[in-house]
Amino acid sequence: MAKVIVLKFGKGSFEQGFPVILQMSAENTLPFAEITGELPAAPDLPDCYRQWQTAYRRVEFTGRPIGLPKTTQLKGTIAECETLANQLRDRLNAWLTAESFRRIREKWLEQLSPTEPIRVVIQADDPHLRRLPWNEWELLERYPQAEIALSPLDFGRRTAQASPTTRVRILAILGNSQGIDVQKDCALLEQLDTADVTFLVEPERQNLSDRLWEQSWEILFFAGHSTSQTGDRTGLIHLNQTETLSLSQLKHALEKAVDRGLKLAIFNSCDGLGLARELASLQIPQLIVMREPVPDRVAEAFLKYFLAAYASGEPLYLAVRQARERLQGLENQFPCASWLPVICQHPAEIPPTWLDLRQAKRPAQPPISTSKFRLRVEHVPPKLAWVATISLIMTGLLTGVRYLGGLQPLELRTFDQLLQMRPKEPKDQRLLVIEITEKDLQDQRQRDPQMPPDVSLSDRALDQLLATLEPLQPRAIGLDIYRDYPTSPAFPQLEKRLKTSDRLIVVCKMGTPNTADFGIKPPPELPPQQALERLGLSNVITDQDGAVRRHLLGMEPDAVCITDAALSVQLALRYLAAEGISLTFTPDGNWQLGKTLIKPIEFPTGGYFQIDGRGHQILLNYRSPDNASSFHTPEDVAPRLSLGAALLGGLTLDAVKDKIVLIGTTARNNQFNDYFSTPYRNEQSNVRQIPGVMLHAQMTSQLISAVLDGRSLLWTLPVFWEILWILGWSLLGGLLAFYLQKAVVLGVASGVAIAALYGLCLGLLIQTGCWLPLVPAVIGCVGSTTGVIVSQIRIAQKPLLASPRQE
């Protein structure tokens, strides 16, 4: 599925800069990521374009430039044009690598794969922005299946009612051809085997209007002379030797054509950005125009290459890119020829393929005698193709239900059961959790009656604890307690430690969009310049049932919480740095820690189809230590010590040195309830909940164990392979019903198949961390078995008919 990247340029100018919003989505789905940035002022960039434009228009070649202002300067040279083109390209790419635009660039590199088709839409109204040669953005060179299109910020949508057809209907307008050869365009269109082309040669305005009103067209094509006017907001076409008109003069006819199914307009003529802007107001879905005056030979070559690629099945964007890049072979004679073709895209439309334009209509079948039909079926045994059809239908239905989130609760519950069947593991001795219990709260309030009721760790206790810990040389101290208030003046050493301690990691919380949760600020003592290294997110992502099954690695910072890394990530990176391991990024944006590749999950994935997909997430592989209980206890992930015991001498050098110390509240009362649901159940079959500090310990242990111990991270198959997996088990269920006619034998075989499926899913989860679709595979297997059986019964119950003479 193609990815759609929209860059929205807000109100701004090259003198002041532009705010930019990046939206990322899969084709025809809601955005899965959005990030803001800005491009700085670049007042010289429009001048660079104008200098290149002037040099380009001074080069003498046969073109389609009637109506363009004539220059009185000396003729230009190809060398001069190429030099200015290189300067423009370099200046554009320097602008797009600005620091204020870095977040957008990194998000792009992180989320997009060079192997997937990508539609990049530049949504802007500034005419200078739209003129820039965006196809020369160096970032696009890494993505061979990406192409740029222009789009306005404001748009509407018309409802089209296309009439069925098996051939693409093209209205080709051959306008004023003075000085050019439009007959080659005509010949190229006539070569299309699956198109019906109607030519209007230098038509009158009324004739053209009538054709647009009276017939349905999928493609509107124009070859001839054209030009843009009024700052690229309008355009003119030279219809014949005497008539020149703007497209607004054909407004109602063009709107009617769109209502009847017009999908694509191609203006193989000069200086077409003004035409595109005017046509955008008429809601035409797709446009292809030329940025500047186009030489006759370049126009012919582009049309030839584009039609060949598009009619052979290539997507519209890829066909334009291939045709545009092939024009580079002409640039020794026609400089910057590959800059000229531009797609102009309606933001709410999906580019049609050539097959889409054909809208293949199935011819009506002659009626069949019902009696004869039944007679044939009864005497023909079921075929394997019939079993395959039932399996494909079952797989399609399951895929659709999964995509709508219908199986998500059941899949997650089954996943939880698999997790609980895994063997237990030892505690992670690299961590130590100092917990604030209910008794610790009472002891602190006895010593400090003025302690606020919503504070779980007083300044006095924290000062004593840090003073005890630091000489014992832990690698990192994670304070999972909010301190969005200043330290009391009575504890200057605590204030100093909060400001300068290179071991101490504090937390903040990001707010939730469109809610009253505005987040929680970090300690005011923390210098902003240290936020990237000493501040971690405490946010936790929960599923619809409240359980935490995903590990949030980071999110884009906001005004309240100015870090992009989770507390667990900050602690793990600090620990691993002492082992000589640092975080790097692969070319496709994945995380690399030593030999361990950490690939953030992309949605949909596994059993997840409708969830909060913000930030970088991986699945959380809980560590459940071995203990006397037969049930898993994820809260015992690491050794624990109460605050009171720690302050009374319970901390030793062996217990703390070179370890990660996490400090948090485990008390649970009306004031404090920092508990989260897990996938595990207790002895009473109730959901087991653990304190937030233990949850952060689980996440930190997951990262360290994956890097240093080779412990598996949880992962899923790509959606395509999951569909094949489900199809395979659906086919197995159908084949069992096809070959095993005895009910007892079929029942036993089906039971063995489902048991094997369960064992395979559990075994792979334990050995490799792979989460396979168990529920859809079981439903597919049983559903196909049932479908084949029901079909056989229905056939057997049909009454046998006599010979055809008795009908």
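Me: Which residues form one aromatic cluster together with F9?

Reply: This is a predicted model, and an aromatic cluster in it is read by following rings from one to the next. Here F9, F14, F18, W95, F101, W108, W134, W137 and Y143 form one such cluster. F9 belongs to strand 1, which covers residues 3–9, and F18 belongs to strand 2, which covers residues 18–26.

Me: How many aromatic pairs does the count come to, and what is the geometry of the pair F738 and Y739?

Reply: Rings of Phe, Tyr and Trp are taken as a pair when their centres lie within 6.5 Å, and planes over 60 degrees apart count as edge-to-face. By this rule the count comes to 23 aromatic pairs. For F738 and Y739, the centres are 4.9 Å apart with 90° between the planes, so the pair is edge-to-face. The two residues also differ in their exposure, since F738 is buried at a relative accessible area of 16%, whereas Y739 is exposed at 54%.

Me: Which helix holds these two residues, and what span does it reach?

Reply: Both lie in helix 23, which runs over residues 719–739. Its 21 residues reach 30 Å from the first C-alpha to the last, close to the 30 Å expected at 1.5 Å a residue.

Me: Which residues of helix 23 are buried?

Reply: The general idea is that an α-helix has 3.6 residues a turn, so residues three or four places apart point the same way. In helix 23 the buried residues are E722, W725, I726, L727, W729, S730, G733, G734, L736, A737 and F738.

Me: Where does a charge lie over the face of an aromatic ring?

Reply: One looks for the end of a Lys or Arg side chain placed above a ring. R119 lies over the face of Y317, at 5.2 Å from the ring centre, and R668 lies over the face of Y675, at 4.2 Å from the ring centre.

Me: What are the partners of strand 2, and in which sense do they pair, parallel or antiparallel?

Reply: Strand pairing is read from the bridges and from the residues that stand opposite one another. Strand 1 pairs with strand 2 in the antiparallel sense over 7 bridges, and V6 stands opposite Q23 in strand 2. Strand 2 also pairs with strand 3 (residues 33–39), again antiparallel and over 7 bridges, with V20 opposite G37 in strand 3. Strands 2 and 3 form a hairpin with 6 residues between them, and N28 in the turn has a positive phi of about 65°. Strand 2 is mostly covered, with 7 of its 9 residues buried.

Me: Which strands stand at the edges of the open sheet with the order 21-22-23?

Reply: This open sheet has 3 strands with antiparallel pairing. Strand 21 (583–585) and strand 23 (596–598) stand at its edges, each with a single partner strand, so one side of each is left without a neighbour in the sheet. From one strand to the next the twist averages 30°. Strand 21 is joined by 3 bridges to strand 22 (residues 591–593), and the two run antiparallel; the bridge partner of L583 in strand 22 is L593.

Me: How many helices and strands are there in the chain, and what does its C-alpha trace span?

Reply: The chain has 25 helices and 30 strands, and its C-alpha trace spans about 100 × 90 × 40 Å along the principal axes. Of its 807 residues, 52% are buried. Among contacts between residues at least 6 apart in sequence, 77% join residues at least 24 apart.

Conventions:
Residues are numbered from 1 along each chain as its sequence is written. This is a predicted model: local features need pLDDT of at least 70, side-chain atom pairs count only at pLDDT 80 or more; totals for chains, interfaces and linings use all residues. Side-chain values use heavy atoms; hydrogens and water are left out. Rings of Phe, Tyr and Trp (its six-membered ring) pair if their centres lie within 6.5 Å; planes under 30 degrees apart count as stacked, over 60 as edge-to-face and the rest as tilted. Buried means under 20% relative accessible area, exposed over 50%, partly exposed in between (1.4 Å probe, protein chains only). A charge sits over a ring if NZ of Lys or CZ of Arg is within 6 Å of the ring centre and within 35 degrees of the ring normal. Helices (H or I, at least four residues) and strands (E, at least two) are DSSP runs, numbered from the N terminus. Two strands pair if DSSP finds at least two bridges between them. The expected span of a helix is 1.5 Å times one less than its number of residues. Axes are lines fitted to C-alpha atoms, for helices over the stretch in contact, and angles run from 0 to 180 degrees between N-to-C directions. Contact means heavy atoms within 4.5 Å.
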